[in-house]
Amino acid sequence: MNHPILIAGAGPVGLTLAMSLKRRGVDVRIVDKSSARSDKSKALVMWPRTLELMAIQGCTAAFIGAGMRCRGARIFADGDMLAHVRFDIARSTYDYALMIPQSETERVLEEQLAGLGLQVERRVELVAFQEQADGVIATLRHPDGRQETVEAAYLCGCDGAHSTVRHALDAPFEGNTMPSDWILADTYIDGEVAQDELTICWVPQGVLVLFPMGGKRFRVIADIGTSSAQAPAAPTLAGMQEVLDQRGPKGLRAYDPYWLSGFRINERKVKEYRHGRVFLSGDAAHVHSPAGGQGMNTGMQDAFNLAWKLAMVWHGHAAPSLLDSYSPERSAVGDQVLRNAGNMTRIALLRNPVLRELRNLAAGTLSRIPALRQRMVDQLTEVDLHYREGSPLTQSPRGAAERPAPGDRAPDIALRAGDADARGLYDLLGTGRFVVLSVDAPAVDLPQGARSIAVAAIAAADPAWQAGHVYLVRPDAYVALSVRAGDDATIIAALERLETDG
């Protein structure tokens with residue numbers, strides 16, 4: 001019998017991984033040295049791609065009910081609006097950013113876990129581990145000081161930027177710290193400011209960003225232009241009000257703050273997300289600028305990527321080599337997010353007057369050219385993330401479809417009635433298997449041996465998909481490959497390569 005998978009860290013990433021594994025019938029233990037989940041808002045945005053992946057888990061409604069929908073973003077420079085971008089052009093069912101405090105995200109995830117019969121083991125700390133040929137031996141310290149030796153099939157380090165797992169692996173966290181201090185306030189604000197859109201203000205002194213949180217509550221973030229030797233101090237309410245007066249829309253008044261903090265922006269990442277039977281995910285593997293609000297989303301998507309692969313291997317349905325794809329796929333995405341977030345931050349912090357003028361002209365152009373606006377929204381909403389290059393799971397045989405192309409995100413699509421009682425592709429992906437999807441084409445007759453990891457389905461023609469093609473869609477809703485209808489052998493051969501030897 002397989003040993004459980006051990007997850008260190010019960011933030012959004014660890015909880016997402018535990019939920020995804022548990023839904024697939026994997027034995028899991030999840031430990032965290034803290035006594036309770038976070039009571040701070042921290043990460044605040046859940047983007048459409050993450051909501052889509054939650055839809056596959058069947059729990060999107062719980063998150064939407066706990067958050068508020070942010071419909072767009074306005075960019076101002078010196079009081080003049082340069083651009084107004086609406087998220088309703090997002091190429092997703094979820095055409096908005098869901099504003100949900102991290103404390104609520106963790107609450108919903110813990111409730112999902114409880115419904116699956118799993119509880120977080122609080123005040124239990126991973127203190128050491130050793131990899132063996134067939135598993136990991138870990139040492140856990142309990143609240144009373146008792147130490148427990150645990151045998152785990154795999155260890156997943158989801159334990160944050162100061163990861164015990166990463167340090168034990170001696171995996172370099174390469175990168176740098178931006179040379180400026182920042183201040184943050186979660187507070188109530190009165191005045192004329194959009195209640196359902198991001199407000200971004202560029203001024204010569206720096207940047208101010210207002211994130212709506214519902215009920216006149218806002219997350220306020222601003223740089224203060226210098227970096228001190230000590231850790232940046234938390235602002236006072238009066239100090240934050242001064243920044244609002246200098247940089248924000250006129251007449252805003254902040255009051256009743258419930259979180260004031262100072263911070264610095266680190267841009268760091270490990271090269272390898274996998275070390276044998278030990279994996280790194282989320283902030284344990286990458287940290288970056290909060291610009292774009294993509295840190296938590298990227299980490300949760302690490303978890304979705306890893307979960308289905310671990311589940312297939314743990315159950316013996318796929319060869320262990322499937323796990324080799326995790327690090328190159330997620331490392332490439334981590335590089336992309338680091339680059340995008342860093343660029344957005346540096347653009348906002350431009351001090352040179354000539355460069356600021358060029359930036360402002362470019363932002364104004366953004367609001368007038370639909371293709372540029374769409375590209376920005378695709379990037380923010382993360383529907384443009386892909387595995388086209390560098391993934392051992394992506395194949396582009398002759399005759400592959402152009403939309404969605406191999407490696408691209410697979411949008412949801414309605415299925416023909418009767419296909420495993422699933423109404424849409426994402427319903428069927430919730431089984432944890434690949435979907436062999438025939439679009440306006442006959443169904444593929446899968447051999448018996450492939451049915452533990454794949455299911456066949458049919459969909460009518462759809463603008464987002466290329467008719468007359470068969471797609472192999474991964475459990476995390478990315479296209480592994482596609483062929484013209486009739487080339488069933490290529491699809492079946494790809495599945496056979498994934499299966500356990502013999």
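Helices here are DSSP runs of H or I at least four residues long, numbered from the N terminus. Keep in mind that this is a predicted model.

**Exercise 1. Work out how R49 and E52 are placed relative to each other, and whether each is buried or exposed.**

Step 1: Start with the pairing. R49 and E52 form a salt bridge, with their closest N and O atoms 2.7 Å apart. The cut-off for a salt bridge is 4 Å.

Step 2: Now place them. Both sit in helix 2 (residues 48–57), three residues apart, so about one helical turn separates them.

Step 3: Check accessibility. Buried means under 20% relative accessible area. R49 comes in at 0%, so R49 is buried; E52 is at 4%, so E52 is buried too.

**Exercise 2. Do the same for E111 and R107, then for D445 and R451.**

Step 1: E111 and R107 meet through their side chains in a salt bridge, 2.9 Å from N to O. They lie four residues apart in helix 4 (residues 102–115), which means about one helical turn lies between them.

Step 2: E111 has 46% relative accessibility and counts as partly exposed. R107, at 22%, is partly exposed as well.

Step 3: For D445 and R451, the closest N and O atoms of the salt bridge are 3.3 Å apart. D445 is exposed at 60%, while R451 is partly exposed at 37%.

Step 4: Zoom out. The model's salt bridges come to 27, and K309, E329, R474 and D476 are linked in a network of them.

**Exercise 3. Trace the sheet that contains strand 21, and find the bridge partner of V436 in strand 23.**

Step 1: Write down the order. It's an open sheet of four strands, 22-21-23-24, with mixed pairing.

Step 2: Pick out the edges. Strand 22 (454–459) and strand 24 (479–484) each pair on one side only. On average, neighbouring strands are turned by 20° against each other, direction ignored.

Step 3: Look at strand 21 (residues 434–439) and strand 23 (residues 469–473). They run antiparallel and are joined by five bridges. V436 has L472 as its bridge partner in strand 23.

**Exercise 4. Place L437 in its core and list some of its contacts.**

Step 1: The largest nonpolar core has 111 residues, and L437 is among those with the most contacts inside it, along with L21 and L495. Helix 7 (residues 295–314) gives the most to this core, with twelve residues.

Step 2: Leaving out residues up to four places away in sequence, L437 touches residues including I413, A457, W465 and V470.

Step 3: Don't mix this up with the second, separate core of 35 residues, which includes V45 and A73.

Technical notes. Residues numbered from 1 in each chain as written. Predicted model: local features only at pLDDT ≥ 70, side-chain atom pairs only at ≥ 80, totals over all residues. Heavy atoms only, no water. Pairing = 2+ DSSP bridges. Helix = DSSP H or I, 4+ residues; strand = E, 2+ residues; numbered from the N terminus. Axes fitted to C-alpha atoms, helices over the stretch in contact; angles between N-to-C directions. Core = buried A, V, L, I, M, F, W, Y, C linked by side-chain atoms within 4.5 Å. Buried < 20%, exposed > 50% of the residue type's maximum accessible area, 1.4 Å probe, protein only. Contact = heavy atoms within 4.5 Å.
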